[in-house]
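Let's take a walk through this model, starting with how helices lean on one another and ending with a single side chain. Keep the viewer open as you read.

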Amino acid sequence: RQHFTKYLPPRVAAAYYYYFDKDLFKNFNKAKKISEHEINLGIHFPYLAIQCLIYYLSLLFLYLVISKNIEKKICLPIIMFLAIEPTIFQYHGTFWSESLFFSIQITLLALILRDQTKFYDFFIIGLVLSLLCLQRQTAYFFIIPLTIYYLFNLKKIQYYKLIYMFFAFMLIQSFVGYNNFKREGKFYILTGDAKSAVYYNIAERIITKGENITPAEFKIKEAKIAINWLIENSVKFDEKKIIGIETSRYPFKIARIAIINPQDRVDYDVFYAERSVDMLLDNFWVSVKLIAKNSLHTILLNPFHIYSDHNFAKSEIYYNSDTHNKLITPRVIYSFLIYFICLFGFYALIKEKKYKLLFIIMISLLYHYGMISWHGNTRYFVPTLIYVSFLFGFGFNHLLSSKIKFKK
């Protein structure tokens, strides 16, 4: 079927259960709906154990790399932060896409910090970067800051080696594009989820405030726009599926589901990507205020995400609960403590003139933060903690050293 979200996570899971011949359902009957099947609950622990093993092996690789250039008394808090920090740690025992994403992130960072400039080193970096994009599509443009990093830190005579990184990156992506082409008749890499994410998550709040209309009026307006696009572009769609589209939560999704030909869905996704840009520009100051507010909220660390996910049926119920309100204070205190230590780490890196390390850490951190900050969901901020760990490690060592000197 057509891809709408991340490429790699469902394939990793499918490969595991297929290879080990695990039956996901008891008494499986193809005639029944999946929701009616009795799920096999006792077969998932090995998958999660392997997921954890991969993560901690990536930590070992990172340690072996950084311990050659960074003092071990700094390496230890960096690795310990990545190993047990609860905001990161909570995802390893779940089927969320984060754990494997962190593992690939750490592996890529370790390869960069090895500072090897053979052609095959750049080729491997390109391959790992491509896998990172397939795990989560926010990483697709990370090749840009990475290229900037190398342009500053390579000799001009070595610039040609970046071709190997681009080639490896595009090699993996070409398989994805070709797979899409064979299935849908169109070569593309970004999925519908990536193209419509901005619209899906913040369009209603921006347009209702920018145009001073109610949520109900927004849905009616968007339903008309979606249907008009289908008609104007002679797109075949199932009219039964768009009945009641004006009152649905997401009219544009209902219209997408109604489209019969997969090729037309690709064009529809592009239309909404362009509409998202127009929406932001037409309501510029409203967009700026909302994105600024969301960006500030995103940096609040949330070690309780999996807890709330397991104990509340919907996020809306959790956010309106007493539990959510009680957890805000410890989250604020914990976040302040981590960032306070990181501030000293930033100072220590400058003081020790580790500009090259600081450059890749900060450009990576800012990139991943910039790609998700508009959303406002604290979960999407967690990948930046991979880079925050270095600021924490240097900051922790700086504070500890200062305390020892003060006592003496």
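A quick word on angles before we begin: a helix axis here is a line fitted to C-alpha atoms over the stretch in contact, and the angle between two axes is taken between their N-to-C directions, on a scale from 0 to 180 degrees. Also keep in mind that this is a predicted model.

With that in hand, find helix α9, residues 192–210, and helix α12, residues 262–282. Their axes lie 8 Å apart, and the two pack at an angle of about 40°. Angles under 35 degrees would count as roughly parallel, so α9 and α12 are classed as oblique to each other. The handedness of this crossing is left-handed. On the α9 side, the contact is built from G192, K195, V198, Y199, I202, A203, I206 and I207. Facing them from α12 are V266, D269, V270, Y272, A273, R275, S276, M279 and L280. Sort the residues of this contact by class and you get 12 nonpolar, two polar and three charged.

Now swing over to another pair, helix α2 (residues 45–66) and helix α3 (residues 72–84). Here the axes come within 10 Å and cross at roughly 165°. Because angles over 145 degrees count that way, α2 is roughly antiparallel to α3. This crossing is a right-handed one. α2 brings Y55, Y56, L59, L62, Y63 and I66 to the contact, while α3 supplies K72, C75, I78, I79, L82 and A83. The class tally for α2 with α3 is 11 nonpolar, no polar and one charged.

Time to zoom out. How many helices and strands does the chain have? There are 18 helices and two strands. The radius of gyration comes to 24 Å, close to the 22 Å that the globule rule gives for 408 residues, so the chain is as compact as a globular protein of that length. Along the principal axes, the C-alpha atoms fill a box of roughly 75 × 50 × 50 Å. Of the 408 residues, 46% count as buried. As for contacts with a separation of 6 or more, 72% of them come from residues 24 or more positions apart.

Finally, one residue to click on: Q173, found in helix α8, residues 162–184. Is Q173 buried or exposed? Its relative accessibility is 0%, so Q173 counts as buried. Leaving out residues up to four places away in sequence, Q173 touches S130, C133, L134, Y140 and I189.

Note on methods. Residues numbered from 1 in each chain as written. Predicted model: local features only at pLDDT ≥ 70, side-chain atom pairs only at ≥ 80, totals over all residues. Heavy atoms only, no water. Helix = DSSP H or I, 4+ residues; strand = E, 2+ residues; numbered from the N terminus. Parallel < 35°, antiparallel > 145°, perpendicular 65-115°, else oblique. Left-handed = near helix turned anticlockwise from the far one by under 90°. Contact = heavy atoms within 4.5 Å. Nonpolar A, V, L, I, M, F, W, Y, C, P; charged D, E, K, R; others polar. Rg over C-alpha atoms; globule rule 2.2 N^0.38 Å. Buried < 20%, exposed > 50% of the residue type's maximum accessible area, 1.4 Å probe, protein only.
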